[in-house]
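Welcome, and take a moment to look over the molecule below. We will walk through it a piece at a time.

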Amino acid sequence: MDTYKKIVEFIRNKYDRDFIALHEPVFFGNEKKYLNECIDSTFVSSVGKFVDRFEKDIAEYTGVEQAVVCVNGTNSLQVAMQLVGVEQGDEVLTQALTFIATANAISYLKAKPVFIDVDKDTMGLSPKALKNWLDENAEIVNNICYNKNTGRKIKACVPMHTFGHPVKIDEVLVICEKYNIELIEDAAESIGSFYKGKHTGTFGKIGVLSFNGNKTITTGGGGMLLFNDKDLAKRAKHITTQAKTPHKWEFSHDEIGYNYRMPNLNAALGCAQLESIDRILESKRNLSLEYKKFFNEIDIQFFDEPENAKSSFWLNAIILESKEERDDFLEYTNSEGIMTRPIWKLMNKLPMFKDCQHGDLSNSEWFVDRVVNIPSSVKDNC
Ligand SMILES: *Cc1c(COP(=O)(O)O)cnc(C)c1O
């Protein structure tokens, strides 16, 4: 209990408020100015200069050819998988340890998720576990990857960069290439995270970002698809805007599309937020360094950035000794007005995914019992 008290005191010292949330947005730039510009111009909805600008700015920041906005990260994942050809009955490999959105997006296409283990040092998809599962269960016939047991096509692999810590994405890519599986990165938690100097979400065929209110930067709600293939980006724009064919006045549509375009208001917020991203990331990194030092001193494991990675430290995490200790800690800190949260339940433990295939999940299960996220917002005094 003394240790817990010390932790609460340490966190209270960082934030000057009664209730300390896990991750709050900060607005210290042009947010209000750009929002007012939208209102003054009446362009608050699906057309406007901030939509195009936000796409350009994100493409430049992440280093991709093109970026396409979307209403949120979950629907961006759905669109990404549709674009690489995931269809009803196909299988998609992903982590058991992820936020529900990854698995939900697979289900929107009536595809079947297959849950693979994570690595101990990244908390993200394990290349080794992925390879083991494929070596055992997959075969390639006429260049198409099939699951030998179910006869279904294995179309895509969707690793997720947990809490901003990059997975060993180059190794994952090699395995996907060998098996002819499309790689889509769920980089919803990892804007500002780099692996071997390259931004996360830019290694696979498509990467997906989220700008939900609790993410590193926010548009209120929103998502982005990242492409190095311009034709694919064009297809993304088309199907996220009702698949309307360009014409001066006619309403003509050539396939079933979605109304998934981000409104100009949200994009305006995004443009302003992106202007502040270096300051936000620096403050978050400093906080993580302070946490790391503090937890080292009191002998609690702080989850640090993996090798070869520069992590955004979206959410800081500590690893406690057992489920019991974790529950005690959650109880105590939350009752003290300090928001802490366990990591997600494994996807295959949820009722809608309980019958899905999965590989060995020892590491995922180990994390589930022990990981706690602690307050990670940009500090008041940054
Ligand atoms: C936040 C998040 C998403 C989805 O983002 P939304 O914009 O909230 O739809 C997807 N995957 C992961 C891992 C996330 O954390």
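A polar contact here is a pair of N or O atoms within 3.5 Å, and inside the protein one of the two must be able to donate a hydrogen and the other to accept it. Keep in mind, too, that this is a predicted model.

With that idea in hand, try a pair of side chains. Ser 364 and Asp 117 are joined through their side chains by a polar contact of 2.5 Å. You will find Ser 364 in helix α12, which covers residues 362-370. Is Ser 364 buried or exposed? Its relative accessible area is 0%, and because buried means under 20%, Ser 364 counts as buried.

Next, let us visit the ligand. The space that the ligand takes up is the largest pocket. Around the ligand there are 13 residues, and those that come nearest are Gly 73, Thr 74, Glu 189, Ser 210 and Lys 215. Sorted by class, this shell holds four nonpolar, six polar and three charged residues.

Which side chains place polar atoms close to the ligand's own? One of them is Glu 189, with a polar side-chain atom 2.6 Å from an oxygen atom of the ligand. Ser 210 also has a side-chain N or O atom by a ligand oxygen, at 2.8 Å. For Asp 186, the partner is a nitrogen atom of the ligand, and the distance from a side-chain N or O atom is 2.8 Å. How much of the ligand does the protein bury? Taken alone, the ligand exposes 380 Å², and the protein buries 92% of that.

Two of the residues that come nearest to the ligand, Gly 73 and Thr 74, lead us to helix α4, which spans residues 73-83. This helix is mostly covered, with nine of its eleven residues buried. Among the buried ones are Gly 73, Leu 77, Gln 78 and Met 81. At the N-terminal end of α4, Asn 72 acts as a cap: one of its side-chain oxygens lies 3.1 Å from the backbone nitrogen of Thr 74. Just after the helix, Gly 85 takes a positive phi of about 95°.

Stay with α4 a little longer and pick out Gln 78, which lies in this helix. Gln 78 has a relative accessible area of 6%, so it is buried. Its side chain makes a polar contact of 2.9 Å with the side chain of Tyr 260.

Now for the loops. Between α8 (230-239) and α9 (264-275) runs a loop that contains Lys 244. Lys 244 is partly exposed, at a relative accessible area of 32%. Ala 243 is in the loop between α8 and α9 as well, but Ala 243 is buried, at 0% relative accessibility. The backbone of Ala 243 is worth a look: its phi is near 50°, a positive value in a residue other than glycine. From Lys 244 you can also look across to Phe 99: their C-alpha atoms are separated by 33 Å, and the two residues are 145 apart along the chain.

Our last stop is Asp 299, in the loop between α10 (277-297) and β12 (301-302). Asp 299 is not a glycine, yet its phi is positive, at about 65°. Where Ala 243 is buried, Asp 299 is exposed, with a relative accessible area of 69%.

Terms used: Residues numbered from 1 in each chain as written. Predicted model: local features only at pLDDT ≥ 70, side-chain atom pairs only at ≥ 80, totals over all residues. Heavy atoms only, no water. Near = heavy atom within 4 Å. Areas by Shrake-Rupley, 256 points an atom, 1.4 Å probe, with all protein chains shown as cover. 1 Å grid on protein atoms, 1.4 Å probe; cavity = no way out; pocket = protein on both sides within 12 Å on 5 of 7 lines; lining within 4 Å. Sits in = over half its atoms within 2 Å of the grid points. Nonpolar A, V, L, I, M, F, W, Y, C, P; charged D, E, K, R; others polar. Helix = DSSP H or I, 4+ residues; strand = E, 2+ residues; numbered from the N terminus. Buried < 20%, exposed > 50% of the residue type's maximum accessible area, 1.4 Å probe, protein only.
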